[in-house]
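Trainee: Could we go through the helix packing and ring contacts here? I'd like the cut-offs too.

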Amino acid sequence: FLSFSEGNVLSLQLNQTTSNMQLRSIFQSVIALHQEELPLRLKDRKQHLPINKDCIVTVTGIRRCGKSSLLSLTVNRLLQSGVRPEQILYIGFDDERFVSMQTADFDDILQAYREMYPTQPLKDVYMFFDEIQLIEGWELFVLRVFKNYCKHIYITGSTAKMLSGEMASALRGWPDEYREYPLSFDEYLDFKDVKANRFTEDGAAVLASEFKHYCKEGGFPQVVLADVATEKIKILQSYFNTMLFRDMIEHYGISASPSVVRYFLKRVMNNITKPTSVNNIYNELKSQGMRVSKDSLYQWLDYACNIFLLRKVPKYTQSIVKQNLSPAKYYIADFAMRNAILLPQSDDEGKALENIVYMTLERDLGEEDQVFYFNETVECDFVVVKADHVEQLIQVCWQLDDNNLSREVEGLVAASSYTGCKNCTIVTYNQQRTIDHDGLSIDVVPVWK
């Protein structure tokens, strides 16, 4: 006979064993279902992940921008190279069945796969872990698998800190890091099956027209492929709500009312293309009886950047102190989402253009590169710094005319004098020319080029 305490211990052990068997069964179902669907029919993206590089490939980016599809496109390329479907181990951790998963449960993934394919060496398996940052302790599991079993690991996550502050220091140095974005304009054209020769008048007209659609629809793949305008808006609103509640409020443990956080983010979105004064927004909230500290507002901005919703552009100055004290500009990962949340009365075409130009610049930045704005009595929208030198100065203007030409040129002249950079560009919706001003040659180019 068992004592009462021994019986309790045995009961707990049996329950744990049953739980592990159930989780292992779920893993096997997920793996098998994905293998049955291969190869997946997907639109191609410009970015390709490496295959057979023997590294941990990490992909970050805003939620729903196409990270999972990028993994699946990599799986398709592996199959074309001769890898068999049973060599693909793919788990998406945004499955509600993994909500209560613990760090210790990660090992059941390997056990589940071994039971399915007992003769398949793990070293020849390609492991794909989508949104793995949702499970605590994921980095220790990934590092252990990489060091002991498998050199082909691909992971995605929707938070920038997945690859910095929240990652165990032991994993640093191992990952081969990539960032995915919503569709670029070129990718947007591919998704819409638009073919146009930009060197012909007809082709140029088509591209200019499609760019206006791109400003309104944005680059989230599901939104672009949706047929009805109202459906597109609903999808974008649902994306924002998920980011607000799951990625910010829940993930970072924000105790303030969601309505206050939402109002704050909307105010920043409304101020896109202009320096954002947190102090002004703080005073607005205070006057409306919304109690929140100024430090919290700065934290929320950091969180919004960490989940890739907002992008920060600091002021360019030779004084680091002055740079830190100056308000930054903020852009949004997808301008159509901003419009779906704010529902503005006007099209805000100029803001859309500037936002798209910034996101295009960010895609091409190296690890040591950065984009700033310049403002010393006159303003230049973008100062592009590559390594240790200013490579380009850019103004953005939907339509150059007699009312704004002097302002745009003077901003470039002042920034050029301050930085020493002579590579100056004005990006417009659909104008092209060259402006010579006091020995400075300024290229005016259509954005779709």
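Mentor: Sure, let's start with a helix pair: α3 and α4 are oblique to each other, because their axes cross at roughly 45 degrees. Oblique is what remains once under 35 degrees is roughly parallel, over 145 roughly antiparallel and 65 to 115 roughly perpendicular. Axes are lines fitted to C-alpha atoms over the stretch in contact, with angles from 0 to 180 degrees between N-to-C directions. Helices are DSSP runs (H or I, at least four residues), numbered from the N terminus. This is a predicted model, where local features need pLDDT of at least 70, side-chain atom pairs count only at pLDDT 80 or more, and totals for chains, interfaces and linings use all residues. Numbering runs from 1 along each chain as its sequence is written, and side-chain values use heavy atoms, leaving out hydrogens and water.

Trainee: Which residues of α4 make the contact with α3?

Mentor: Contact means heavy atoms within 4.5 Å. On the α3 side there are Asp 107, Ile 109 and Leu 110. Their partners on α4 are Phe 141, Arg 144 and Val 145.

Trainee: How many residues apart in sequence are the parts that Tyr 252 and Tyr 303 tie together?

Mentor: Their rings are stacked, 3.9 Å centre to centre with 5 degrees between the planes; pairing needs centres within 6.5 Å, and stacked means planes under 30 degrees apart, edge-to-face over 60, tilted the rest. Tyr 252 lies in the loop between α8 and α9 and Tyr 303 in α11, so the parts are apart in sequence by 51 residues.

Conventions:
Helices (H or I, at least four residues) and strands (E, at least two) are DSSP runs, numbered from the N terminus. Rings of Phe, Tyr and Trp (its six-membered ring) pair if their centres lie within 6.5 Å; planes under 30 degrees apart count as stacked, over 60 as edge-to-face and the rest as tilted.
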